Structures are given as structure tokens and as C-alpha cells.
Amino acid sequence: MSQSSPFFSIARAHAGAGGRAAAAALLLHRPAAQLPPSIHCPRRLPLVKVSSAKTVSSRLGLPRATLSSFANADDGSSAKPDSSDEQNGGSELSEMAKAFHISPRMAISISVVIAFAALTVPLAMRSLIFHGTTKMKVLAYLTLLSGFYMAWNIGANDVANAMGTSVGSGALTLRQAVLTAAVLEFSGAFLMGTHVTSTMQKGILVTSVFQGNDPLLFAGLLSSLAAAGTWLQVASSYGWPVSTTHCIVGAMVGFGLVYGGVNAVFWSSLARVSSSWVISPLMGAAVSFLVYKCIRRFVYSAPNPGQAAAASAPIAVFTGVTAISFAAFPLSKILHIAVLQALACGAIGAIFVSRAIKKQLGDLLSSEAEKIASADNTDVQQGGFDVAGPRGAQLQIVYGVFGYMQVLSACFMSFAHGGNDVSNAIGPLAAALSLLQGVASSAEIVIPTEVLAWGGFGIVAGLTMWGYRVIATIGKKITELTPTRGFAAEFAAASVVLFASKLGLPISATHTLVGAVMGVGFARGLNRVRSETVREIVVSWLITIPVGALLSVFYTLILTKILKYFM
């Protein structure tokens, strides 16, 4: 992973003997295209067209996905479409091709392969084969497709929680982010996805109301998947990051109210979910604001910012890994043993990161330290809010360190997201399959391993085909991100979600991350956050549950009539 960070490569590329100072000065004042061949960007980092930005990395010709070229980010600049884009008329596949810098023909091929797999793989699954009659097999097939549709939309919308800030800051290119997230999301869904789920997810519905009426319950489960998937697709098409949990909750509330009455809904649970609209973004914004302020205070304004960044990285990793190991993956039920094991995991992570940074930037750190020690004063430049900041090689060291940590945090969040949110798709799917198999609607339903894999494949498919849309919003449209800002947002969101979940507070990962990105923007000034984007996102949050409820009622009405011929 350390080899993939463009910031490490650039820092090393300009660490040659006798050329560091000249390279740093030129990089700050001249675009990469005008640099002399002797200090041009490395060959492995092809130049890409980027929008005008105020960060040094945008002037280096890094493979930075600014997102304005493929998601129409409203930053005052726009990429000129090539002839192939004009011929395709701005179609979905053309946008996908433009996002990943591939040909439209390749985008079509990828989409066809995914569609073919989605239609044919269920035919070989045991969940379909074990159903005796043809009618039951048809219903099982449609159920698996409904689950895939929901998982596809989770991938298209929710995966931006993990990778959006990394792409927006330039720590990863879009293609790197999608490939990394695809592997980790599927691994998380398959390896960490829960094998036992409640028939009615999230404790929203009173299941006893629907006992003895399996056809209606089956219709409600499929309608919830279809309704949540529909709204997620609409939100993704506009680049709105919405909560998949809220989509499912809204769909089930609508179904419960219309077909089970007022007493079929746990209103206290619904109130807790709704409160996360306020709690999640506020907590995310507050923590990210403090984290970024600390970075500005203790790293950017330090006498040697590069050394300060390198020293802070192991501390941050130790803190994060220890907390995660203790709260999310306790290795023992005995408290003091669990604490010691968590501390050991944190120490291992800190040592790993410290050695990686020393290996990548050791020579440059030593060189910069010698120059600072011999200089009378240190060159500084004004930051975004009256705090001195690094420049030149020092800035590249800081960006390299925090870009590396941001990639690590994004990888963890991606793996954890796959294991957690896949249940939003396969939970109702597994419950519906159990009804078709004649199993009574008990409190717990066992999820087959192949269904977990099916949900993971759906998430990867959605991420590949449409994930760039919401990544554009998280990474570019709310506020401009750099590796330090992206790390602050990612670290804050992960911390808030982890501890809030442990304490039982109603929290949404999507809302928390959006709030964290806004908090980083507010730390630089109120005018650094695009109010029109925030307004659109908040409106999409408010209407998620009502829209999901209405769509669920509509789909249930249709399905109950169709199921009369099958059940």
C-alpha cells in the first residue's frame, strides 16, 4: 500500500542530491508541464488534467482524481469533453468511461459482464435449487435479484463513506480506490458479514402482527428491498450520500403502517433513528474540526512540519488501532486481557507505520532536518486561517505521511462497511427465502454463506458502475480536501461511529462522514463549505424515510396482487 501513494513517490523523486531546494521552489511556482526534464514528474505518474486548485499537489501533475472531470463538480472549472464523449451524448456508460479513463467500449463490456453474472449466477445457487415447484423457484430467483439490486445500490452510494475523502484529497486515484474498495468490501461482506439476522431489521416492526400471513410478509420484505434500492438509485444519480439503513427503515415503516396498523411500528426505535440526522453530523463535524485544528497547530506550525507529521503518525495509528481492537474486535471477554491485547495490536500497528514512513521518507526527513538546523529561520506561508504552514519538500512530507494514514483508515472503513451494511440487503433477502422454504418467521434467520457472497458481489458491482457519483460529492463538492483534511475527516468519522455504536447512540456512518467533511471545511472558514451542496444533502436526508415508506406501500400493493398466482 505504501508504494501506491503518489505523495511518497513525489517526495522521493525530489530528494536527489543537490536538487531538493530547487525542485521544491520550482514545484511551488511552476506547473508540472513547464518543469525541466531533470526534475519532471516520475514516469510512473502520468500527467492528468486537473482543475485549478490551491494545493501544491495540484501543480505537480499527480494522478489526482479531482472529480470535476467525471462528476461535474461545481468548483468553477469543467473538463472539456472529448469526441467520444460527445458521440455518446453524455450517457451513463460514457460517464463511467470518463471517470475511470477507459474507453466507452470497455465500460460497456464491464457492464455487460456484471449484468450477465447478476442474471445467471442465482440459477446455480442452492437457495434456488432447493425449491421444489417451478413457481417457488421463480419467486426465489426474483428474491435473489431484489437482494442484488439493493446491494448494488449500497455499493453505488454507501461505499463513498470509505473512499470519497481519499479520492478527493488525492491520496488515491479513482481507479485505485475502486479496486481497493472492491476487494475489501467483498472480503468484509463475506468474512465479517453477520450469519444471523432479525426477520425485521433494526427493530422497527412488531413481527407478531404479521404471524400467520406469510404471503403478506414476503411481499413486504421484497417491497422494502425494492423501495430502498429505488431511492438509493435516485440519490446516487444526483450524488446525494444517504443512509442505507434509513432507506430500509423508511420502507419497513411504510409497509408496517399500511398493512399492520399503527401498533406494528416501534415508534421509539424510529425516533432514535431520526435523531441521528442531528446527532451524527454534529458529532462528526465537532471531532473533525478539533482534529484538523490540532494538525494545524502541532504539525503545520512546527519548526519541522515534516518531522512532526512523521512523529504524529505512529501515535495516531496506535490510538486508532487500540481503540478499534478493544471496542470492535475484543480478543477476550476478560477486561484486563482485552486491554493488553488491544494495546499490543496498537503497538504493532504503530511500529509498522513508523518503519514504513522511515523507509519511504527517511533520507528526505534527515536532509530537511539538517537544513532547518543550519538555517536562521524557516520559510513559512500563510495557511487557510492565519496559521503558518509548510511548503516545498516539507509540504510533500506532510502530505505523504497523512496520505498514507488516510489510505490505511479508508481500507479499514471499507472492510468494516462491507461486513456491516451488507446486512441491509441480505437480511430481508434471507428472511424472504426462509418464508419460501416453509420456515416459520422466527426471531432469527440463518444466512447461507452463498447469500453473503451474493451481497458482496452486488456491492462491488454497484461501486464499479456508479460509485464515482457519490465519491464526487464527498471528496470534492462539499469542500476542497487535501491529505491532511481528508485524514482529519476520515479519522473523526471512524472514531465517532465506533464509540457511538459502542455506547448505543443512534448514529449513521454516512451522516457522520458528511458532517466530518463539513467540520474540516468550517475549520478553514465558513465560506469554505459549499452551502448549496450541503442544502441538497440535508433535504435528501429528510425525505429518505418518507419516500422509502411511500415506495414500499406502492410496491407491496403490486406484489400482493402478483403473489396471489404463486402462493
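**Group meeting: a first look at helices α8, α9 and α18**

Good morning. I begin with A151, which is found in helix α8, residues 134-157. Please bear in mind that the model before you is predicted.

Is A151 buried or exposed? A151 counts as buried, because its relative accessibility is 0%, and the cut-off for that class is under 20%. Which residues does A151 touch, if we set aside those up to four places away in sequence? The answer is A425, G455, G458 and I459. Another residue to note here is A461: it lies 310 residues from A151 along the chain, yet the two C-alpha atoms are separated by 8.5 Å.

I turn next to G164, whose place is in helix α9, residues 160-169. G164 is buried as well, because its relative accessible area is 0%. Leaving out residues up to four places away in sequence, G164 touches I471, I474 and G475. G164 and A472 are 308 residues apart in sequence, and 7.0 Å separates them in space, C-alpha to C-alpha.

This brings us to helix α18, which comprises residues 449-477. How many of the 29 residues of α18 are buried? The count is 27, so the helix is mostly covered. Where does α18 bend? The bend is at W466, and it amounts to about 70 degrees. W466 has a further feature: the charged end of R469 sits over its ring, 4.6 Å from the centre. On the general point, residues three or four places apart in an α-helix point the same way, because there are 3.6 residues a turn.

A second example of a charge over a ring involves R297, which lies over the face of F298 at 5.3 Å from the ring centre.

Now to the aromatic residues. A search of the whole structure finds twelve aromatic pairs. Consider the pair of F210 and F255: the ring centres are 5.0 Å apart and the planes stand at 20 degrees, so the pair is stacked. Why does this pair tie together separate parts of the sequence? F210 lies in the loop between β1 (196-198) and α11 (214-237), whereas F255 is in helix α12 (residues 244-260), so the parts joined are 45 residues apart in sequence. F210 counts as buried at 2% relative accessibility, and F255 is buried with a relative accessible area of 1%. Elsewhere, ring pairs link F148, W454 and F457 into a cluster.

For a contrast in exposure, I would draw your attention to H101, in the loop between α5 (92-100) and α6 (104-120). H101 is exposed, because its relative accessible area is 59%, and the cut-off for exposed is over 50%. Its phi is near 60 degrees, a positive value in a residue other than glycine.

Let me close with the chain as a whole. Its secondary structure comes to 21 helices and four strands. Of the 567 residues in the protein chain, 55% are buried. What share of the contacts with a separation of 6 or more comes from residues 24 or more positions apart? That share is 81%. As for the surface, the protein chain exposes about 23500 Å², and carbon and sulfur atoms supply 65% of it.

Thank you for your attention.

Notes:
Residues numbered from 1 in each chain as written. Predicted model: local features only at pLDDT ≥ 70, side-chain atom pairs only at ≥ 80, totals over all residues. Heavy atoms only, no water. Helix = DSSP H or I, 4+ residues; strand = E, 2+ residues; numbered from the N terminus. Buried < 20%, exposed > 50% of the residue type's maximum accessible area, 1.4 Å probe, protein only. Contact = heavy atoms within 4.5 Å. Phe/Tyr/Trp six-rings, centres within 6.5 Å; stacked < 30°, edge-to-face > 60°. Lys NZ or Arg CZ within 6 Å of the ring centre and 35° of its normal. Bend = angle between axes of the 7 residues up to and from the residue. Areas by Shrake-Rupley, 256 points an atom, 1.4 Å probe, with all protein chains shown as cover.
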